[in-house]
Amino acid sequence: MSGRIDAERILDAFLAPESDRLPDRVIDATLADIARTPQRRAMRVPWRFPLMTNTMRAAAGVAIVAIVGVGVLAFNLRPTGNGATGTPAPTQTAGPKPTAASTQGAASTPSVGPWPAQPGIAVWTTYTSQVYGSTFGYPEDWNLEASATRAWQVGDPLLNFGPFTDIFTSPDGDVAVWVFRLTAEPGADVSSREGLGALVCELEASACEPISDLAEPMCAGRAACLPAVLVALPEEREGVFAYFADIETRQVTVVSIGREDSFPGSAEYGGSVQLLKSILTTMDVHTPEPGQVPG
Amino acid sequence: VQVALVERARAGDEEAFASLARGAGDRLLAIAYRILRDLGLAEDAVQQTLVLAWRELPALRDVERFDAWLRRLLVNACYREARSGRRWATNVHALPLDLINGTDEYAAVVARDQLERGFRRLPPEQRAVFVFRHYLGLTLPAIANELGVPLGTVKSRLHYATNTLRAALEADLRLPNDASRGQPA
């Protein structure tokens with residue numbers, strides 16, 4: 001009798017293969033769930049937005065004019081509730097020239113720059129969305145890829161871009177930022193982070209899980225700390241986004257970057273999360289100061 | 001073959017995903033059971049993982065990493081199950097009889113029981129690292145990559161897990177002599 005224990009053997013037995021067979025009933029239940037579960041749309045931005053030739057631009061311009069002609073008629077015949085002006089032509093204001101277009105109610109006085117430099121961003125270009133009316137900045141050497149041509153509508157995705165988004169791309173086209181606003185339904189709580197989370201969760205079910213685990217509290221407002229949330233999705237989901245609300249108008253601004261934090265193209269800005277935070281500073285959204293209680 | 005199946009499933013082919021699920025189910029259950037030490041919870045974790053994988057598959061950029069991606073989803077599902085508040089079921093798995101043929105074997109049974117108790121005291125994050133290291137045999141950098149946590153965090157979790165289990169075994173070392181007094185001759 002040695003009385004000794006072979007630790008390796010104990011460990012092997014502890015982790016040893018047993019009857020590791022997934023029962024058919026679990027597979028069957030899984031496949032039944034899958035039949036009822038739609039796949040989520042990929043939120044990746046195209047690796048590079050297609051460059052347009054002059055001919056293509058001219059053709060696209062004609063097409064846009066035609067679409068706008070029809071769209072404006074239809075658009076102006078109904079209320080949008082999203083602050084839409086019905087004027088789809090974008091206006092880009094180069095340089096930190098103040099405008100009074102911002103309707104961001106989170107701050108008592110809208111931020112219109114000039115904004116301080118941020119990692120990788122020395123100078124900002126001021127942009128005013130013609131659809132949403134908000135003013136914010138994007139890096140000077142970036143491109144305005146597309147302006148929103150209509151307001152966000154129920155059924156539009158939250159974590160992807162579309163005609164309801166203003167889109168900006170890095171010089172090489174590898175990183176894109178898109179911005180839009182939605183109007184919360186009556187009764188939805190937009191005055192707390194939990195309420196905002198529930199709203200986003202309801203509208204984009206696949207965002208529920210990361211929001212609960214990954215939400216980083218942010219403050220909206222130059223001096224105040226109204227609720228705002230930043231979420232960095234897991235790497236396989238590729239993206240970071242932030243949202244904050246104007247409590248009076250019940251409009252929720254959503255800002256997204258379809259790249260994970262470690263995406264190489266975001267490195268010069270300190271990563272996708274830092275890039276998003278830098279852009280948020282032009283919207284008066286910031287990380288809580290020491291001692292500041294978010295929300 | 002698997003890459004082709006993943007690409008088809010990513011494009012919305014349910015049959016292709018069913019093949020993937022059947023192929024991966026046993027492997028996922030083995031990992032989940034070793035982390036959760038509860039068959040019911042492990043089955044639920046696997047089911048959650050597969051449904052989530054189906055939903056999120058269009059966002060998977062590199063189809064070659066499907067297995068690693070699936071394991072990461074599984075570990076997150078295990079975390080949720082471990083924290084779901086459901087009471088841990090009692091899972092007693094008898095060791096093969098040929099192991100219990102003497103005092104050493106009796107000590108081994110007792111030690112394994114101690115190990116089981118020690119393991120259940122570990123937080124799920126430490127269990128996952130321990131299982132990835134000792135069951136899957138992954139390197140520490142590979143574990144860090146799969147779980148999406150820094151290498152230092154992996155080392156730290158493994159260190160604490162190992163210390164806890166070693167303490168459980170060392171406590172057990174005192175048992176055989178005491179226990180042998182109560183053994184039938």
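Two strands count as paired when DSSP finds at least two bridges between them, and this tour of a predicted model leans on that notion when it reaches the sheet of chain A.

**Confidence in chain A**

Begin by colouring chain A by pLDDT, which has a mean of 70, with 61% of the residues reaching 70 or more. Confidence is highest in strand E3 (residues 135-139) of chain A, at a mean of 94, and lowest in helix H3 (residues 54-76) of chain A, at 37. At the start of the chain, residues 1-5 of chain A have a pLDDT below 50, and this stretch makes 10 contacts in the model beyond near neighbours in sequence. Select next residues 43-109 of chain A, where pLDDT stays under 50 although the model has 129 contacts there beyond four places in sequence. Where pLDDT is low, the predicted coordinates should not be read in detail.

**The sheet of chain A**

Now show the strands of chain A, 8 of which form an open antiparallel sheet in the order E4-E5-E6-E10-E9-E8-E7-E11. Strand E4 (143-146) and strand E11 (285-286) of chain A stand at the edges with a single partner strand each, so one side of each has no neighbour in the sheet.

Within this sheet, select strand E10 (residues 251-257) of chain A, which is mostly covered, as 7 of its 7 residues are buried. A:Gln251, A:Thr253, A:Val255 and A:Ile257 point one way from E10(A), while A:Val252, A:Val254 and A:Ser256 point the other way. In a regular strand the side chains alternate between the two faces of the sheet.

On one pairing of E10(A), strand E6 (residues 176-183) of chain A runs antiparallel to it over 7 bridges, and A:Thr183 stands opposite A:Gln251. The pairing of E10(A) with E9(A) is likewise antiparallel, over 7 bridges, and here A:Val240 has A:Ile257 as its bridge partner in E10(A). Follow the backbone from E9(A) into E10(A) to find a hairpin with 4 residues between the strands, where A:Arg250 in the turn has a positive phi of about 65°.

Moving to the pairing of strand E9 (residues 240-246) of chain A with strand E8 (residues 226-232) of chain A, one finds an antiparallel arrangement joined by 5 bridges. Select A:Val229 there, which stands opposite A:Tyr243 in E9(A).

**The disulfide and helix H6 of chain A**

Which two cysteines form a disulfide? Select A:Cys219 and A:Cys225, whose sulfur atoms lie 1.9 Å apart; the structure holds 1 disulfide over all chains. The link of A:Cys219 and A:Cys225 is left-handed, with -60° about the S-S bond, and both of these residues are buried.

Helix H6 (residues 272-281) of chain A is the next selection, and it too is mostly covered, with 8 of its 10 residues buried. Among the buried residues of H6(A) are A:Val273, A:Leu275, A:Leu276, A:Ile279 and A:Leu280, together with A:Ser272 and A:Lys277.

**Chain B and the nonpolar cores**

Turn now to chain B, in which there are 9 helices and 0 strands. Of its 185 residues, 48% count as buried, and residues 24 or more positions apart account for 69% of the contacts in chain B with a separation of 6 or more. Chain B exposes about 8700 Å², of which carbon and sulfur atoms supply 52%.

For the largest nonpolar core, which has 62 residues, select B:Phe17, B:Val46, B:Leu57, B:Phe66, B:Leu74 and B:Phe130, the members that touch the most others. Helix H2 (residues 14-36) of chain B gives the largest share of this core, 13 residues. Apart from it lies another core, of 29 residues, including A:Ala220, A:Tyr269, A:Leu275 and A:Met283.

**Where chain B meets chain A**

Centre the view on B:Val46, which, leaving aside neighbours within four places in sequence, is in contact with A:Leu22 as well as B:Gly25, B:Leu28, B:Leu29, B:Ala32 and B:Leu74.

Is B:Glu43 buried or exposed? This residue of helix H3 (residues 39-56) of chain B is buried, because its relative accessible area is 8%, which falls under the 20% cut-off. Beyond four places in sequence, B:Glu43 is in contact with A:Leu22, A:Pro23, A:Arg25, A:Val26 and B:Leu29. As a last step, draw the C-alpha to C-alpha distance from B:Glu43 to B:Asp26, which is 10.0 Å for a separation of 17 residues in sequence.

Definitions and conventions
Residues are numbered from 1 along each chain as its sequence is written. Chains are lettered from A and ligands numbered from 1 in the order in which they are written. This is a predicted model: local features need pLDDT of at least 70, side-chain atom pairs count only at pLDDT 80 or more; totals for chains, interfaces and linings use all residues. Side-chain values use heavy atoms; hydrogens and water are left out. pLDDT is the predictor's confidence in each residue, from 0 to 100. Helices (H or I, at least four residues) and strands (E, at least two) are DSSP runs, numbered from the N terminus. Contact means heavy atoms within 4.5 Å. A disulfide is a pair of cysteine sulfur atoms within 2.5 Å. Buried means under 20% relative accessible area, exposed over 50%, partly exposed in between (1.4 Å probe, protein chains only). A nonpolar core is a set of buried Ala, Val, Leu, Ile, Met, Phe, Trp, Tyr and Cys residues joined through side-chain atoms within 4.5 Å. Accessible areas come from the Shrake-Rupley method with a 1.4 Å probe; for residues, only the protein chains shown count as cover.
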